Amino acid sequence: MESLVHDYGLFLLFLLIAMESAGIPLPGETALVAAGVLASRGDLNIVAVIVVAATAAIVGDNVGYWAGRVGGRKLLQRWGPLERHASRVLPWSERFFKRHGPKTIFLARFFAILRVTAAFLAGVSRMHWWRFFLWNAAGGIVWAVLVSLVAYYAGQAAADAIARYGLIGGVAIVVLIVGGALVFRFVRRRMLRAESET
């Protein structure tokens with residue numbers, strides 16, 4: 001992924017993130033991490049990476065939203081088994097997005113499966129577009145800044161550690177970062193589970 005981002009740069013980064021956000025399961029976040037690492041080496045500009053990633057996330061999610069809003073229900077109601085399931089799930093989905101839509105759209109940006117599906121589901125559930133747009137834009141910007149900067153500084157830290165302490169230092173930093181990310185994910189899941197139970 002890193003070599004692809006290096007060779008095709010910001011255009012590929014935009015394309016991967018926008019398509020993932022629109023509902024196609026592609027490695028958009030992986031491309032953003034690779035771009036952040038490349039920026040830490042001076043191969044890409046970190047500000048450009050953040051702007052491109054945020055723009056792609058917002059544009060892609062809006063494409064997914066409108067696809068769900070315009071054609072999602074027709075798609076779900078076209079086939080027998082899906083139609084029966086949709087008739088049970090859609091009213092619940094509409095109530096859910098009315099009550100929890102903003103935080104769902106904001107947080108969806110940080111979860112791989114939701115990053116691909118949440119915009120489409122918000123459109124199908126007829127979440128008001130302005131609410132969707134504002135929370136989607138906020139989530140896209142925060143996600144782009146956080147992921148880009150973590151990759152940027154982690155990439156720089158790993159390069160510095162390898163230069164100073166050798167490969168073992170670089171590996172130690174990577175292990176610490178991965179461990180921190182796993183702890184963060186665990187805590188976030190617990191918080192979301194606790195919130196859904198209330």
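Here are some exercises, with worked solutions, on the predicted model shown above.

## Exercise 1: Getting an overview

Find out how many helices and strands the protein chain has, and how much of the chain is buried.

**Solution.**

Step 1. Start with the secondary structure: the protein chain has 7 helices and 0 strands. Reading from the N terminus, the order of elements is therefore written α-α-α-α-α-α-α.

Step 2. Turn to burial. The protein chain has 198 residues, and 38% of them count as buried.

Step 3. Look at the surface as well. About 11,500 Å² of the protein chain is exposed, with carbon and sulfur atoms supplying 69% of that area.

Step 4. Finally, see how the contacts are spread along the sequence. Take the contacts with a separation of 6 or more: 74% of them join residues 24 or more positions apart.

## Exercise 2: How far to trust the model

Which element has the lowest mean pLDDT, and which has the highest?

**Solution.**

Step 1. Begin with the whole chain: the average pLDDT is 80, and 75% of the residues score at least 70.

Step 2. Now go element by element. Helix α7 (residues 167-197) has the lowest mean, 67, while α3 has the highest, 88.

Step 3. Keep a rule of reading in mind: where pLDDT is low, the predicted coordinates should not be read in detail.

## Exercise 3: Exploring the nonpolar cores

Determine which elements give two or more residues to the largest nonpolar core, and which one gives the largest share.

**Solution.**

Step 1. Find the core. The largest nonpolar core holds 24 residues, and the members touching the most other members are Leu13, Ile17, Leu32, Leu44, Val49, Trp143 and Ala144.

Step 2. List the contributors: α1, α2 (28-40), α3 (46-78) and α6 each give two or more residues to this core. The largest share, 8 residues, comes from α3.

Step 3. Zoom in on one member. Beyond residues up to four places away in sequence, Leu32 touches Leu13, Ile17, Val49, Ala53, Trp143, Ala144, Val147 and Ser148.

Step 4. Look for a second core. Another one, of 9 residues, lies apart from the largest core, and its members include Tyr65, Ala118, Ala122 and Met127.

Step 5. Here is some background: in soluble globular proteins, nonpolar side chains tend to be buried together.

## Exercise 4: Tracing the salt bridges

Work out which residues are linked in a network of salt bridges, and which parts of the chain each pair ties together.

**Solution.**

Step 1. Count first: there are 3 salt bridges.

Step 2. Take Glu20 and Arg115, whose closest N and O atoms are 3.3 Å apart. Glu20 is in helix α1 and Arg115 in helix α5, so this pair ties together parts that are 95 residues apart in sequence.

Step 3. Check their burial. Glu20 has 5% relative accessibility, so Glu20 counts as buried. Arg115 is at 4%, so Arg115 counts as buried too.

Step 4. Follow Arg115 onward: its side chain also meets that of Glu29 in a salt bridge, at 3.5 Å from N to O. Because Glu29 lies in helix α2 and Arg115 in helix α5, the pair ties together parts 86 residues apart in sequence. Glu29 has 25% relative accessibility and so counts as partly exposed.

Step 5. Put these together: Glu20, Glu29 and Arg115 are linked in a network of salt bridges.

Step 6. Add the pair of Arg109 and Asp61, with closest N and O atoms 2.6 Å apart. Arg109 lies in the loop between α4 (80-108) and α5, and Asp61 in helix α3, so this pair ties together parts 48 residues apart in sequence. Both Arg109 and Asp61 are buried.

## Exercise 5: Ser21 and its surroundings

Is Ser21 buried or exposed?

**Solution.**

Step 1. Locate Ser21: this residue lies in helix α1 (residues 2-22).

Step 2. Use the cut-off: buried means under 20% relative accessible area. Ser21 has 0% relative accessibility, so Ser21 counts as buried.

Step 3. See what surrounds Ser21. Setting aside neighbours within four places in sequence, its contacts are Ala56, Ala57, Gly60, Asp61, Arg109, Arg115, Val116 and Ala119.

## Exercise 6: Along α5 and just beyond

Where is the kink in α5 centred?

**Solution.**

Step 1. Follow the helix: α5 has a kink of about 40 degrees, centred on Ala118.

Step 2. Note the buried residues of α5, among them Ala118, Ala119 and Ala122.

Step 3. Move on to Arg126, in the loop between α5 (112-124) and α6 (129-165). Its phi is near 60 degrees, a positive value in a residue other than glycine. With 48% relative accessibility, Arg126 counts as partly exposed.

Definitions and conventions: Residues numbered from 1 in each chain as written. Heavy atoms only, no water. Helix = DSSP H or I, 4+ residues; strand = E, 2+ residues; numbered from the N terminus. Buried < 20%, exposed > 50% of the residue type's maximum accessible area, 1.4 Å probe, protein only. Contact = heavy atoms within 4.5 Å. Core = buried A, V, L, I, M, F, W, Y, C linked by side-chain atoms within 4.5 Å. pLDDT = per-residue confidence, 0-100. Salt bridge = Lys/Arg side-chain N within 4 Å of Asp/Glu carboxyl O. Bend = angle between axes of the 7 residues up to and from the residue. Areas by Shrake-Rupley, 256 points an atom, 1.4 Å probe, with all protein chains shown as cover.
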